[in-house]
Amino acid sequence: MITGLDHVQLAAPPGSEAALRAFYGGVLGLREIPKPPALVGRGGCWFEAGEGRLHLGIDADFHPARKAHPALRVAGLRAYAQRLAGQGVQVSWNDDLPGHDRFYAYDPVGNRLEFLERRGGG
């Protein structure tokens with residue numbers, strides 16, 4: 001029986017860790033968590049927010065995820081979107097999901113990200 005989702009992994013090109021840390025840690029405000037020592041040599045970096053974890057793994061044959069994406073829950077979505085836009089992140093609003101406000105953005109290597117908040121604060 002599945003009891004939950006542990007993490008989502010996105011790929012990134014070799015040498016992109018500094019840009020990923022600046023974006024995911026600095027711009028998005030996720031907390032970087034250490035990788036296990038046995039995995040450090042593979043490159044990449046891991047982040048978390050609440051119980052959700054996002055792993056960024058290095059792929060020598062990297063192609064950005066343009067359709068597949070993690071969806072990140074945000075409290076105060078509109079203010080968060082304004083903060084991201086103020087830091088140069090292009091925010092693209094989408095109202096196709098009933099009961100939610102949401103927007104899409106891309107990370108520095110071109111991976112698609114969804115940010116959403118349930119209407120009514122839930």
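## Overall dimensions

A compact globule of 122 residues would have a radius of gyration near 14 Å, and the 15 Å of the protein chain therefore agrees with that expectation. The model is a predicted one, and along its principal axes the C-alpha atoms of the protein chain fill a box of roughly 45 × 40 × 25 Å.

## Secondary structure and contacts

Three helices and eight strands make up the secondary structure of the protein chain, and their order along the sequence is β-α-β-α-β-β-β-α-β-β-β. When contacts between residues at least 6 apart in sequence are considered, 54% of them join residues at least 24 apart.

## Burial and the nonpolar core

Of the 122 residues in the protein chain, 38% count as buried. The largest nonpolar core holds 26 residues, among which Tyr24, Leu28, Leu84 and Phe115 touch the most other members. At least two residues of this core come from each of the strands β1 (8–12), β3 (45–49), β4 (52–58), β7 (100–106) and β8 (112–118), and likewise from each of the helices α1 (17–27) and α3 (77–86).

Tyr24 offers a closer view of this core: leaving aside residues up to four places away in sequence, Tyr24 touches Leu10, Gly29, Leu30, Phe47, Leu54, Leu56, Asp107 and Leu113.

## Surface and charge

The protein chain has an accessible surface of about 7400 Å², and carbon and sulfur atoms account for 53% of that area. The chain carries 14 positive and 13 negative charges, and the mean positions of these two sets are 2 Å apart.

Key
Residues numbered from 1 in each chain as written. Predicted model: local features only at pLDDT ≥ 70, side-chain atom pairs only at ≥ 80, totals over all residues. Heavy atoms only, no water. Helix = DSSP H or I, 4+ residues; strand = E, 2+ residues; numbered from the N terminus. Rg over C-alpha atoms; globule rule 2.2 N^0.38 Å. Buried < 20%, exposed > 50% of the residue type's maximum accessible area, 1.4 Å probe, protein only. Contact = heavy atoms within 4.5 Å. Areas by Shrake-Rupley, 256 points an atom, 1.4 Å probe, with all protein chains shown as cover. Lys, Arg positive; Asp, Glu negative; His and termini not counted. Charge placed at Lys NZ, Arg CZ, Asp CG, Glu CD. Core = buried A, V, L, I, M, F, W, Y, C linked by side-chain atoms within 4.5 Å.
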